[in-house]
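Dear colleague,

I am passing on the structure below, and I would be glad if you could look through it alongside the notes that follow. They are arranged by topic, beginning with the ligand.

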Amino acid sequence: SEMYHAQIHLYKHVYNFVSAMALKSVMELGIADIIHNNGKPITLSELASSLKLHPSKISVLHRFLRLLTHNGFFAKTKVQEEEAYVLTPPSKLLITTKPTCLAPIVKGALHSSSLDMWHSSKKWFTEDKGLTLYETATNESFWAFLNGNHDSLIMFQEAMAADSHMFKLALKECKHVFENLESLVDVGGGIGGVTKLINEAFPHMKCIVFDQPQVVANCSGNENLSFVGGDMFKSIPSADAVLLKWVLHDWNDELSLKILKNCKEAISHKGKKGKVIIIDIAIDEESDDPELTELKLDYDLVMLTMFNGKERGKKEWENLIYEAGFSNYKITPICGFKSLIEVYP
Ligand SMILES: OCc1ccc2c(c1)OC[C@]1(O)c3cc4c(cc3O[C@H]21)OCO4
């Protein structure tokens, strides 16, 4: 009946965290590496012994694998009549020796420092101080937390760098965007994860990684890759193109406008030939399948709660781009759930 379906819907969402935390456990145990290095399907007992599990934990492992197999992270097969597990495309993204490894994102996004704040949401809703949920819960911004906790900063930067390897695959599809650029500044480029990939693909392009001084402090480049410290809300080094990957979703419209106006300044020496390259989520409920839209809306709340940022729909991107004084733009989907938006003065 409708009541039963409503109950299932409600309970499923209450316990959504279980599959996320089971995935975190599998990541922490390095199970994807064990199965990958095994070179063939692995039985439960083989997996348990390589994990050096106490016999009492073998059934626990089986139950975790059962849920994750149900959710498409493993598949079952038979080895000499015995059940065995193989990796699937999603769990292959947890193999730590591959450049496409997203384990650092799983680790960072599901770290207690990213989750604990949710227990303060009622307080956050009832206050009018304009703080993020993160600040309401911890009395400091997430960026201040990262700058004050070396291990968390490394974890965050590894998460950002992990995602940028995905960008390497996308770069093959969107090479034309970066062709015939003589220089590019990667704003909010962190430790240069993405910029290094672009520099490898386009060795003659002068690439600048632009981020806060303390972020770029002990980074070193090469003759065509340099690190510059500064404040993107004040001014951005000039170049043929400015890259904003996973930056504007951290900031509300007012601050995003400020960044985009400084980007326009930075490319103005090139006249019409300059461009701003935005890589971020573009919500598109009409054409995206519901699963993809749910991921984008999840990310919207992650950005809202951590940074008072937001993910934007196609219309919102258009309004922001025109408001910043640009005349034209083009959106191309890349990397599965992100889009590449070329913006022209
Ligand atoms: O736009 C930047 C940006 C992009 C992605 C993410 C950001 C911020 O913070 C939230 C997040 O869920 C997160 C939090 C983390 C982390 C990684 C991580 O990935 C997610 O490592 C430590 O805490």
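**Ligand contacts**

A polar side-chain atom of Asp250 is found 2.7 Å from an oxygen atom of the ligand. Please keep in mind, here and below, that this is a predicted model. His249 also takes part through its side chain, where an N or O atom is 2.4 Å from an oxygen atom of the ligand, whereas Trp246 contributes a polar backbone atom, which is 2.9 Å from a ligand oxygen. There are 15 residues around the ligand, and those that come nearest are Gly108, Ser114, Trp246, His249 and Asp250.

**Salt bridges**

The count of salt bridges comes to 15, and three of these pairs are described here. As general background, side chains of opposite charge can pair when their charged atoms come close.

In the pair formed by Asp253 and Arg312, the side chains meet with an N to O distance of 2.8 Å. Because Asp253 lies in helix α16 (residues 253–267) and Arg312 in strand β9 (residues 312–313), this salt bridge ties together parts that are 59 residues apart in sequence. The two partners can also be described by their accessibility: Asp253 counts as partly exposed, at 33% relative accessibility, while Arg312 is buried, with a relative accessible area of 0%. Both residues belong to a network of salt bridges that links Asp253, Lys310, Arg312 and Glu316.

A further salt bridge joins Lys275 and Glu342, whose closest N and O atoms are 3.1 Å apart. Here Lys275 lies in strand β7 (residues 275–280) and Glu342 in strand β11 (residues 338–344), so the pair ties together parts that are 67 residues apart in sequence. Lys275 and Glu342 are both buried.

The side chains of Glu83 and Lys76 form another salt bridge, at 3.1 Å from N to O. In this pair Glu83 is partly exposed, with a relative accessible area of 42%, and Lys76 counts as partly exposed at 37% relative accessibility.

**Cavity**

How many cavities of 30 Å³ or more does the structure hold? There is 1 cavity that reaches this volume, and the largest cavity has a volume of about 30 Å³. Its lining is made up of Val26, Met27, Gly30, Ile31, Ala32, Asp33, Leu94, Thr96 and Ala103. The elements that give two or more residues to this lining are α2 (16–29) and α3 (31–38), and α3 gives the most, with 3 residues. Sorted by class, the lining of the largest cavity consists of 6 nonpolar, 2 polar and 1 charged residues.

**Backbone angles**

Most residues other than glycine have a negative phi, and two residues with a positive value may be worth a look. Gln80, which is not a glycine, has a phi near 45 degrees; Gln80 sits in the loop between β1 (74–79) and β2 (82–87), and at 73% relative accessibility it counts as exposed. Asn180, again a residue other than glycine, also has a positive phi near 45 degrees. Asn180 is placed in the loop between α13 (175–178) and β3 (183–187), and it is exposed, with a relative accessible area of 74%.

With kind regards

Definitions and conventions. Residues numbered from 1 in each chain as written. Predicted model: local features only at pLDDT ≥ 70, side-chain atom pairs only at ≥ 80, totals over all residues. Heavy atoms only, no water. 1 Å grid on protein atoms, 1.4 Å probe; cavity = no way out; pocket = protein on both sides within 12 Å on 5 of 7 lines; lining within 4 Å. Points joined across faces, edges and corners; volume = space filled by probe spheres on them. Helix = DSSP H or I, 4+ residues; strand = E, 2+ residues; numbered from the N terminus. Nonpolar A, V, L, I, M, F, W, Y, C, P; charged D, E, K, R; others polar. Salt bridge = Lys/Arg side-chain N within 4 Å of Asp/Glu carboxyl O. Buried < 20%, exposed > 50% of the residue type's maximum accessible area, 1.4 Å probe, protein only. Near = heavy atom within 4 Å. Polar contact = N/O pair within 3.5 Å; in protein donor to acceptor, adjacent residues only side chain to side chain.
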